Every structure is written in structure tokens, then in C-alpha cells.
Amino acid sequence: MKKSMLAFAALSLVSGIAAAQSSVTVFGVLDVGARSLKGVSSIKYLHKDGVSSSRLGFRGVEDLGGGLKAGFHIEGALGSDDGSGGTWQRRSTVSLMGGFGEVRLGHQKVAARTIVDDFDAFGTTGIADVSRLYTLTGTSRDWEINRTSNQVSYFLPSMGGIYGNVDASAGEGTNAANKMISGRIGFKSGGLHLSAATGNQGVSAKLKTTTLAGSYAFGSATVYAMHTQNKQAGMATNKINSLGLAYSMGAGKLQGSFAKATGGSKLIAAGYDYSLSKRTGIYAQVARTDNSAGKRFGLGGASGATAPAAGGDSTGYSVGVRHSF
Amino acid sequence: MKKSMLAFAALSLVSGIAAAQSSVTVFGVLDVGARSLKGVSSIKYLHKDGVSSSRLGFRGVEDLGGGLKAGFHIEGALGSDDGSGGTWQRRSTVSLMGGFGEVRLGHQKVAARTIVDDFDAFGTTGIADVSRLYTLTGTSRDWEINRTSNQVSYFLPSMGGIYGNVDASAGEGTNAANKMISGRIGFKSGGLHLSAATGNQGVSAKLKTTTLAGSYAFGSATVYAMHTQNKQAGMATNKINSLGLAYSMGAGKLQGSFAKATGGSKLIAAGYDYSLSKRTGIYAQVARTDNSAGKRFGLGGASGATAPAAGGDSTGYSVGVRHSF
Amino acid sequence: MKKSMLAFAALSLVSGIAAAQSSVTVFGVLDVGARSLKGVSSIKYLHKDGVSSSRLGFRGVEDLGGGLKAGFHIEGALGSDDGSGGTWQRRSTVSLMGGFGEVRLGHQKVAARTIVDDFDAFGTTGIADVSRLYTLTGTSRDWEINRTSNQVSYFLPSMGGIYGNVDASAGEGTNAANKMISGRIGFKSGGLHLSAATGNQGVSAKLKTTTLAGSYAFGSATVYAMHTQNKQAGMATNKINSLGLAYSMGAGKLQGSFAKATGGSKLIAAGYDYSLSKRTGIYAQVARTDNSAGKRFGLGGASGATAPAAGGDSTGYSVGVRHSF
């Protein structure tokens, strides 16, 4: 996602308008590769989004003067393997920013989800995605506090290393299931990064999630630790603990993670990403889930047939190329 | 919708190709806010398109030499509150322009609609949209001469202050309901702006609309007056008269409008828009419909439940932010 | 499809980043016109894609150093007559390129189809599209080795005038019908261009297509010849032979083609394209199919009613404007 800053210089040269008022950035990611998934049955296929989510977007920031800025960000998923796409449902927001922080309106990820992205060594993307262990039933993907529409967010201004935001989505009458409130606070200093977040979604079947996480970078290594509790009325709470590691060696990066859910189901993953440039890289990953009795946490993918049997295992391999622009 | 003129200077610098042959403009609007609507029941929600329609588009003009130009314009709606989008059905046209005027082919608004946009003090957008009074039944939104596909348009060249265009859409066999013809003529001089337009759409249930409108700008104020007749065989004709006002005070603009339909149903609206820059502003609006016996003209919105009872009222409040790029 | 090279100079001026790492090209085509089609019944309508497929796309190439490059290309169909669009299913690929050639992953046309595009004088677009004769039944368009998802392609590096590529799409479990393998080889030198391609798609009802083609350019003229065999188990093989001609006269280009399928059905077409600039042109075309007993090869279009009766004829006329950016 290298900024492209289209028109930036262009406009200022041609029309004399201040550059800061004219930037539109076109950006995107294409991530495609080959994957093997094995559960009850196995499949080999060309996949997208091995280590980063394929996307196309436009964004910009306008300096309003007096320390105030306005910004927009629209971003949609891109089926790099099949050409699907069309909506802007990864993010569609408009922001006012200033000394007071940022007020952001629209459709985007909620605080209770961004923390999981940040402290999973694999960024909740691809076969190693730690959120595969986050469902309550271990069968379907019911842990779905992810993105919401009609969201009002407030982000704290930069204060030392402290950051934070609160997000709220209105139920909008008949869509009470979409009612959501979430918040996150964090602290970054030197190599240390700590954060906590919580979120509630829905009305009658309210889903609650809470996460505490930390990471520490020293030298070429970063270690991650995260604890999440997911609850829904009438269902057993799922507590997930995960550890992760990223280790840089020149242009290469080794990654590993281990996670365990209530009942003992485990996800273990390892990966290697090699950067050919700032924008392009190749990668290989392997991941495996081992389920406790009755659970069917799988590595996802193209077909339900690759989900493990109850109490069974699933294994995945992935190699691919990522390119951002 | 500030022009971005991507590539304009860029190309001429890099490749030596004439700048006029290389412009592609990425443009758009995000308009999001909070709205309250009350009819039979009430709803509060995050809305899009409070004072301007959220969109994403690309356009450009090529100088062909000898006074001839070619141009394209593609523009699609953007769900700034929920990320929806994907098509280019606000406008998708290609044009040839010269001393003879402009021939434009594709999908766009028809003449009978653009006049209503231009002489509604609120631009037929948001809760104050005068076209809420334009339906024939006062229940559903049956006044739908708006955009058509397969359209051939001819625009007069600039002639003193006179402008005009005619649009025609073929029925294309089984889609005879889409057959449309529309025309508009206008005159602009000093602060005076006069225009008239008419349009016919459909075959068996042909809808006819005719509008006469004028505006006058003096000092910081502009006043608007418009008369429209909407007819369909077998239904009572709806004649709508509206008055509007826009008054600029520095970066702020006060707006007001009053409209009355056949039978006595009324729409009254007031708004304030404050520009933070040429591209960004904040706004607040209030609007109300009072219906005559049997009519249910409402302020629209997210849910049918906010429509008024027959002969009843509806009220709306809206605050938001608009950002164009 | 003139390259726009957005941001190219812009970025290097503003941020000092190497230009080659920053190019994003926005490109597209709008092609709209009026068409008449006559089969069993007739229709007149505004059409898109008379001589070139309307589209919107983004592409770029990144220099990775050491002779290695990465590139992306996303491109979607654009309904220039009705504003439809949204996906990127004309092409969505990411590539690594170097002295070894190019490895390309994603969704795109297969080799067995690109050869037909290249040696049809009308580029398999519009009423003169030679592939109208390519179906096996002469009724529906069952010859559909065109684009596939989940494709891995390898393109030979530039070697004298020899080029070639192989494409393979995985079946991905339940989608075995999508399993595809295709290859093409060619030679270009002076005015001579020779190519051969073959492709297999599907599992139980496997479709096989093989094409041999050549063209020769001398002075202002280019002549084309192509032979294709399309086979599917249980159906009669369709062998199609076509001849084409393109003749340039200043900014104008005359085109003609004649094709004959197994059984004797014929397609004959003539066209004239006049370039107003490198990016913009106007065109007129006429085409006709004459069917052998039982066949219904038609010129396509908006409605099935324009297909010919069994053994009958269809005729089409088209005029329009094309504009690329």
C-alpha cells in the first residue's frame, strides 16, 4: 500500500492550487498464490489473500488550515484470483481531524477487531489467521464483530504513546442486530506496545468480545501475546490465548504463532515472507489446527469439505506473491 | 468535486505527450451525517447524501484539434455510510464537442430532471428534496423521469446566455417502458436564470412532466421559483409550485424552500451549510411535510415506517459533513 | 487505452521516490453507438462495444532491480450505454517478470482465445465478431474457452520474434468444469505473424479448441487467415475458416472479413474506422450471417428475437464512437 499521491505535484504545477488540497491516492494490493487445505477431504487451489487482503482503494487528506484536516478513504475487496469486486466494503469513511483527535463517519472495522489484527503475528489473514479459533461453536464463523456500517468513531489525538478510539453503530430500526459499540486503548513506547479493547454487537443475541494484548520488539525480533474472551448468551464462552513471533533477517521475515482456545483446540502456524522490494514479496506458510472433542476449527478456504471432522485436524500450505501499489 | 487532473502535468513531463491528451480526473463526494425522521413512527440513523450525493467518478477531455473535443464521464453512487457501490449508474457517457455543440451518448440524467435539480434550493438532495412532492399518488415515488440508459443527447453550443439540450432513449424492444424523450431550454444573464423543460417516458403508461423555472441572484441572495406538472393517464395531475432562497454570509449559506402540490400538501425546509474549505463543509437541515387528505408525501429515508399517515405529517432533522475530492 | 501514468512524475517530484516504483495507470474505453439487428425480428438500439470493449482499469509495473519486475493489471467491463459495471472480470492479475519470461497469476483470457482476438480482423468485438460462428450447436454460445479464474500463466521471454505462453486453471474441487489448460506459440518478423494455440476446458464435457493462424502486413494492408476446430464429446466438430483484411488510408481504416463454419454457415462483414486522434474514433460496420440447414448463428446483441430462424439469415448495422483514456 505505497502511497501514490496522484495529482499531487501535477495539480500544483498546472493550476497553481495548493498541493495539499489536491491529493488523491489510488492504492491497492494483489495477493495470489497456491494453497493446499486438508480436513475431512483436501483441495489444492489458487487462492487470494495469502498474507494480505487484495484490495483497491482511493484516499486523500485535505488541509483545512488552522490545524484542521478533512480526509476520505474508500477501499473495496478485490478478487485477485477471479476478478470479483465492486463495493467499497473494506472501508468507506470521511473524517475531520484536528488537535481534538479525529471524528470518522461511515463503514469500517471496529476497535474490537483492529486489536486482533495488530497482535496476530499473521494479521488475521490467510491460513494462519488466529481468528479461525475465535468462533463460539467451533463450527461456523459466528465471531463477527468485524466491520459495521453507519459507524461514528472518535480517535484520540496523539498523546505521548497513548492512542485510543470508540466506535458506535446505530441499529437503524429493523437492523437492531447491527447495533454495535466498541472501544480500544493502547500505549506504544520504544519497542513496547500494549492494548486493550472491547465490543458489543447485536440486541437479542448480543455478542461480547474483550481482548488484552501486548508486543515487544527487540533487535530484529517482535514477540506478541494476546488474550480474548468471546461470549454470547446461551453459549459457552470461548477464551483464546495466542503467542506470536516475527523475526527479520535482511529482506526476509520469519513468522510463527501458537494459539489455544477453551477446551484445548490449537492453531499452530509458521511462515516466511521475502521482500523483493518495498511493494512486492513472496511468501510460504504452513498452518494446522488440532481440535478438542466436538470442535471443528478449520483453516477456512474455498470449500467446506476441507473443514476438519469433529475433534479432528486440518492442515494447510500456502505459497504466493503479494504486490501493493 | 474539485478537479484533480491526475497525470496532467505528469505525462507532459515524462513522455512529452501533449498535456491536453492525457488528463484523467478522479473525483468524488462523501457526505455522511446523523438524521432523525418522524412519520407514523420515528428513526434516528447515520445517513448518506445529506446535501450532496456521495459518489466516485472518472472523467476527462481530449482536444482533437480544429475546435473538436472528445470527453468521457463515468460516475457511480457510493454508500458512504455502508460501503455499497460498484456500478457507474449516476452517469456513463462519451461526448464529441465542437462549434456545433455536444453530442453525448450513454446513461445520464434527462433534461426534465436537471431543471428540477437546478431550481430546487436544496438540489433535490437530502430531506429537503422538493421532488418528494412530485409523485402522482403521494404514496410511492412514481415520478421517475430521472436517469435513462441508451440515451442520445444533443447540447446546443454556447450562444450568449442561451443553453439547451434534447435527450432521447430508445425503447430497445422489450423495454418499451424505458422509451424517453426530453428537452430543455434556458437563458442565463447577469443574475437572471430562466429555464423550461419537458419529458415523456414510457409507452402504455406514459408519464409526462413539464417544468418552468427561474432564479435571480442579487448581492448575497438568490431566489428560486419553479412550477412543475406531472401527468399520467388515469391518474390525477400533480402541479407543484416551489419557492427557494439561498443567502451567503461569508463561508456560511442559509437555505430555505417552500413547495405546495395539488390538493394542498406542503414541504417546508431550512438549512445551513458552512464551508470549511472549497471541498469540505458541515451542514444542518430541518424539513417537514404537511399532507392534504389522503396524501402521504414523506421525507424519505431508511425506512417506510417514517412515512406519514394518510393526511399526516413527517418531520426530519439532519446534520452532517460533506467532503469532495 | 492510452497510458496515463498517473503519479509518475508527480511522486518523483514530491517525495523523491524513484518514478518507476510509483506508477499507477488509470485507463479505459467507452464505445457507444447505434445498431440495427435483424433476424426473425429486428431491433434498433443504442449499443456498447461496437469496435472495442468498454472498460475501466488500473495497472502498473514496478522495477525490482536486477532485471526483475512486478506488475499488476485489473480491468472490468463498463456498460457505457447503461452504466453497469463493478467487477474486474476482464482481467485481474499479478505478475513477476524477468529474463526468464513472465509468471502471471489470476483471472484473464486464455491463450486459446487471445489467438482468435488477434487474427480476427474485427478483434472478436461487435457485430463482425468471428466467434459468432464458433459455437458447436449454432444455437447457443457454447464455445466458451475465454477467460478463467484461478489461472497460472507462464509467458516466454522475448526471443527473436518467437513468443508463447501456457495457462492452467485448477478445477478447485466442485468446480471441475472450470479446469482448463491452454497454450499458444507464435512468430513475428517483418510483416509476418504466425501463431498456433490449443485449449481444453472442463472435465466430463471437455471442450477442445485448436487454432492455426497467420497474417501478413505489406504497405497499408494486412491480410489475416485463421483455422479453428472446436470439439466436444457427443457433438459434431465445428471447423471454422476465416479470412480478413485491414487497409489503412490516412486516418481511416477499411476492414473486411469472411468466415465459414462446418456445414456451410457464413459470416461476412465490412467496416470503416476513422481516427479523430490516437484515442478517439468513429466507425461504421455491416455484417451478415447466412446459415446452413438447422443452424442459427446470429450477430448477437440485445435480444434473442434478433437471432435468425433455423437455416435463416441475420443482418446488422452499427455506427458509433470509441474513446479511450
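Which residues lie nearest the centre of the largest cavity? Keep that in mind while we look at the model as a whole. This is a predicted model, with an ipTM of 0.89 and a pTM of 0.91.

Start with chain A. Its average pLDDT is 88, and 89% of its residues score at least 70. Residues 1–21 of chain A are another matter: there the pLDDT is below 50. Beyond near neighbours in sequence, that stretch has 74 contacts in the model. Read those contacts with the low score in mind.

Now count the elements. Chain A has 17 strands and 2 helices. It contains 325 residues, and buried ones make up 54% of them. Chain A exposes about 12300 Å². Carbon and sulfur atoms supply 58% of that exposed area. What about links along the chain? Take the contacts in chain A between residues at least 6 apart in sequence: 51% of them join residues at least 24 apart.

Chain B gives a concrete case of distance in sequence against distance in space. Find B:V29 in strand β1, which covers residues 25–38 of chain B. Then find B:L56. The two are 27 residues apart in sequence, yet 6.7 Å apart in space, C-alpha to C-alpha. B:V29 has a relative accessible area of 5%, so B:V29 is buried.

Stay in chain B and move to helix α2, residues 111–119. Of its 9 residues, 7 are buried, so the helix is mostly covered. The buried ones are B:A111, B:A112, B:R113, B:I115, B:V116, B:D117 and B:F119. In an α-helix, residues three or four places apart point the same way, because there are 3.6 residues a turn. What covers the buried residues of α2(B)? The cover includes six strands of chain B: β6 (101–109), β8 (162–169), β9 (180–189), β10 (192–201), β11 (207–218) and β12 (221–232).

Back to the opening question. The structure holds 3 cavities of 30 Å³ or more. The largest has a volume of about 130 Å³. Its lining has 18 residues, and those nearest the centre are A:L56, A:W88, B:W88, C:G86 and C:W88. Strands from chains A, B and C contribute. β3 (55–65) and β4 (68–77) of chain A, β3 (55–65) of chain B, and β3 (55–65) and β4 (68–77) of chain C each supply at least two lining residues. By class, this lining has 11 nonpolar residues, 7 polar ones and no charged ones.

The second largest cavity holds about 40 Å³ of space. Lining it are A:W88, B:L56, B:G76, B:A77, B:G85, B:G86, B:T87 and B:W88. We met B:L56 before, as the partner of B:V29 in the distance example. The classes here are 4 nonpolar, 4 polar and no charged.

Last, look at the backbone. Most residues other than glycine have a negative phi. A:D49 has a phi near 65°, a positive value. It is found in the loop between β2 (42–48) and β3 of chain A. Is A:D49 buried or exposed? Its relative accessibility is 17%, so A:D49 counts as buried, since the cut-off is under 20%. C:T124 also has a positive phi, near 50°. Its place is the loop between α2 (111–119) and β7 (147–155) of chain C. At 7% relative accessibility, C:T124 counts as buried.

Terms used: Residues are numbered from 1 along each chain as its sequence is written. Chains are lettered from A and ligands numbered from 1 in the order in which they are written. This is a predicted model: local features need pLDDT of at least 70, side-chain atom pairs count only at pLDDT 80 or more; totals for chains, interfaces and linings use all residues. Side-chain values use heavy atoms; hydrogens and water are left out. Buried means under 20% relative accessible area, exposed over 50%, partly exposed in between (1.4 Å probe, protein chains only). Helices (H or I, at least four residues) and strands (E, at least two) are DSSP runs, numbered from the N terminus. Contact means heavy atoms within 4.5 Å. On a 1 Å grid over the protein atoms alone, a cavity is a set of points where a 1.4 Å probe fits but cannot get out, and a pocket is an open set with protein on both sides within 12 Å along at least five of seven lines; lining residues have an atom within 4 Å of a point. Grid points are joined across faces, edges and corners, and a volume is the space filled by probe spheres set on the points. Ala, Val, Leu, Ile, Met, Phe, Trp, Tyr, Cys and Pro count as nonpolar, Asp, Glu, Lys and Arg as charged, and the others, Gly among them, as polar. pLDDT is the predictor's confidence in each residue, from 0 to 100. Accessible areas come from the Shrake-Rupley method with a 1.4 Å probe; for residues, only the protein chains shown count as cover.
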